[in-house]
Amino acid sequence: MSDTLKEYANIIELLNIAGEIDGRKKIQKIVYILKSLGANFVENFYFHYYGPYSDTLTIELEELKMMNIIEEEKNDSGLFPKYRYKLKKEIDIQHNLDKYRDLIEKLNNQKSRFLELVSTIIYFEHEGYPKDKIVNKIKIVKSDKNYTDEEIDSAFDFLKVIHDEYGFDVKRIK
């Protein structure tokens, strides 16, 4: 991998493992969740309308697109445009994310709505809130999403599965 691409290495490797990722929101949430589990992503995140968001990641994806490394397919057939990301060409990768390979596939198979909920839970956990307060905060800040108690329980269960099956603990990140 060239020196120019080293700062993008984990994004390139993520797309190499995933094959393709449907949606800007989904790639944001996958990177945030992986970073919270200890993957070496350098992007900083803050809380935004759709949960944790990184301006830096958005810029990096745009730069990779401009360098002709990744392809961003736009689909205008719905109410809002949807985007799909994938690598345009084979690139030597550094294998920094090998231990996350199965988890990346599992995350990529989830809907963006669910990953938004999971990443929001992680964000509030990092802020030090206990589970009951997190549930209350979700019902307030995500009231327009109408998450059901079952969806919220499922997201907490998903985090437990990540811990139990993959041995990863959520780390405090920014």
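What share of the 174 residues of the protein count as buried? The figure is 44%. Keep in mind that this is a predicted model.

**The overall picture**

Let's start with the fold. The protein has seven helices and five strands, and if you read along the sequence, they come in the pattern α-β-α-β-β-α-β-β-α-α-α-α. For a chain of 174 residues, a compact globule would have a radius of gyration near 16 Å, and the protein agrees with that, at 16 Å. Its C-alpha atoms fill a box of roughly 45 × 40 × 25 Å along the principal axes.

Now for the contacts. Take those between residues at least 6 apart in sequence: 68% of them join residues at least 24 apart. On the outside, the accessible surface comes to about 9,400 Å², and 46% of that belongs to carbon and sulfur atoms.

**Charges and salt bridges**

The protein carries 28 positive and 32 negative charges, and the mean positions of the two sets are 3 Å apart. A search of the whole structure turns up 16 salt bridges. Here are three of them.

| Pair | Closest N to O distance |
|---|---|
| K106 and E165 | 4.0 Å |
| K142 and E116 | 2.6 Å |
| D164 and K160 | 2.6 Å |

What does the salt bridge between K106 and E165 tie together? K106 lies in helix α4 (residues 101-108) and E165 in helix α7 (residues 149-166), so the pair links parts that are 59 residues apart in sequence. K106 is partly exposed, with a relative accessible area of 26%, while E165 counts as exposed at 53%.

Next come K142 and E116, whose side chains meet in a salt bridge at 2.6 Å, N to O. K142 sits in the loop between α6 (131-141) and α7, and E116 in helix α5 (residues 112-126), so this pair ties together parts that are 26 residues apart in sequence. Are these two residues buried or exposed? K142 counts as buried, at 2% relative accessibility, and E116 counts as buried too, at 0%.

The third pair stays within one helix: D164 and K160 are four residues apart in helix α7, so about one helical turn separates them. D164 counts as partly exposed, at 48% relative accessibility.

Salt bridges can also link up into a network. Which residues are linked this way? They are E20, D22, E73, R84 and K86.

Note on methods:
Residues are numbered from 1 along each chain as its sequence is written. This is a predicted model: local features need pLDDT of at least 70, side-chain atom pairs count only at pLDDT 80 or more; totals for chains, interfaces and linings use all residues. Side-chain values use heavy atoms; hydrogens and water are left out. Helices (H or I, at least four residues) and strands (E, at least two) are DSSP runs, numbered from the N terminus. Buried means under 20% relative accessible area, exposed over 50%, partly exposed in between (1.4 Å probe, protein chains only). The radius of gyration is taken over C-alpha atoms; the globule rule is 2.2 Å times the number of residues to the power 0.38. Contact means heavy atoms within 4.5 Å. Accessible areas come from the Shrake-Rupley method with a 1.4 Å probe; for residues, only the protein chains shown count as cover. Lys and Arg count as positive and Asp and Glu as negative; His and the chain ends are not counted. The place of a charge is taken as NZ of Lys, CZ of Arg, CG of Asp or CD of Glu.
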